[in-house]
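Dear colleague,

I am passing on the structure we spoke about, with the sequence alongside, so that you can look at both while you read. My notes follow below.

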Amino acid sequence: MCKDCLDQMFYGQMEDRKSRKIAYCSCCGIPLVSEKEYCTSCRAKMNDGKEMSRQFLLYPYINKYIDIVLYWKNENVRSLSSLFAHIIAQFIKNTPELEGIPIVPVPPRPKKIKTKGWDQIEDICFYLNTLYSIPIKRILIRSDGHSQKGLSKKMRKVNILDKIHIKPRAIVPKKVIILDDVITTGATIEVCKQCLMNAGVHEVLTLILFFN
């Protein structure tokens, strides 16, 4: 990507976020229009007494962002993984509450690794650890099953159920950040979060590169 596109699509938004030109919900991370701290949905959940955890969303999964993600994942342009790792590392550096917390990647399906040969989240985690010394805890594993792609929200919940587990004898930190590339219904993230909390994690934050 050329410098102009990188600045316009990625680094410019990061600077706007850092300088608070764009406001985001302090809980779910979606961009705010008129609300000051929390979006309407999160305020309603808080009023109902539901337990909430912080989520950080970086870029909308729309227009040219979709093209880039498909180019990255479907055309196997793995060089984009290092770009996204740099963006995530910079975001963590600019967000003090995330620094020093180990990242737990959403695990891929074993069948995907056998057929494709690589996983985009694992690629990012490799760069995060080797280039930026961000701790990675690969403590989640995933059983084979159907891909979540193309399924409805209801079917995604059913499809992912009992597919993600904690690795045997894994040592779990008290606080972690779940990392995923794209979030749509949030079904996979919720299962990962529940597994981690059942295993003894006290606080689970979420960091998503692209959000629907």
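In what order do the four strands of the open sheet lie, and is their pairing parallel or antiparallel? Before the answer, please keep in mind that this is a predicted model. The order across the open sheet is β1-β6-β5-β2, and the strands pair in the parallel sense. The edges are taken by β1 (55–60) and β2 (103–105), each of which has a single partner strand, so one side of each is left without a neighbour in the sheet. On average, neighbouring strands here are turned by 20° against each other, if direction is ignored. At the β2 edge, the parallel pairing with strand β5 (residues 175–183) runs over three bridges, and within this part of the sheet V104 stands opposite I178 in β5.

Two helices that pack on this sheet deserve a look. Helix α4 touches β1, β2, β5 and β6 (203–211), and its direction makes about 135° with that of β6. Helix α6, for its part, packs on the sheet by touching β2, β5 and β6, with its direction at about 130° to that of β5.

These two helices also pack on each other: α4 (residues 79–94) and α6 (residues 120–132) meet at an angle of about 60°, and their axes are 8 Å apart. Since oblique covers angles that fall outside the parallel, antiparallel and perpendicular ranges, the last of which begins at 65 degrees, α4 is oblique to α6. Their crossing is right-handed. On the α4 side the contact involves S81, S82, F84, A85, H86, I88 and A89, which meet Q120, D123, I124, Y127, L128 and Y132 of α6. Sorted by class, this contact of α4 with α6 holds eight nonpolar, four polar and one charged residues.

Helix α4 has further helix partners. With α1 it packs at an angle of about 10°, the axes being 11 Å apart, and that makes α1 roughly parallel to α4. From α1 the contact draws on L6, F10, Y11, M14, R17 and K18, and from α4 on L83, F84, H86, I87, Q90, F91 and N94. The residues of the contact of α1 with α4 divide into eight nonpolar, three polar and two charged.

With helix α3 (residues 63–74), α4 makes an angle of about 125°, and the axes are 9 Å apart, which makes α3 oblique to α4. Here I68, Y71 and W72 of α3 come into contact with L80, S81 and F84 of α4. The contact of α3 with α4 comprises five nonpolar residues, one polar and no charged. You may like to find F84 in the display, as this residue is listed in the contact with α6, in the contact with α1 and in the contact with α3.

Finally, a word on the aromatic rings, for which the count comes to ten aromatic pairs. One of them is formed by F10 and Y59, which are arranged edge-to-face, at 5.0 Å centre to centre and with 85° between the planes. This pair links distant parts of the chain, given that F10 lies in helix α1 (residues 3–18) and Y59 in strand β1, 49 residues apart.

With best wishes

Conventions: Residues are numbered from 1 along each chain as its sequence is written. This is a predicted model: local features need pLDDT of at least 70, side-chain atom pairs count only at pLDDT 80 or more; totals for chains, interfaces and linings use all residues. Side-chain values use heavy atoms; hydrogens and water are left out. Axes are lines fitted to C-alpha atoms, for helices over the stretch in contact, and angles run from 0 to 180 degrees between N-to-C directions. Angles under 35 degrees count as roughly parallel, over 145 as roughly antiparallel, 65 to 115 as roughly perpendicular and the rest as oblique. A crossing is left-handed if the near helix is turned anticlockwise from the far one by less than a right angle, and right-handed if clockwise. Contact means heavy atoms within 4.5 Å. Ala, Val, Leu, Ile, Met, Phe, Trp, Tyr, Cys and Pro count as nonpolar, Asp, Glu, Lys and Arg as charged, and the others, Gly among them, as polar. Two strands pair if DSSP finds at least two bridges between them. Rings of Phe, Tyr and Trp (its six-membered ring) pair if their centres lie within 6.5 Å; planes under 30 degrees apart count as stacked, over 60 as edge-to-face and the rest as tilted.
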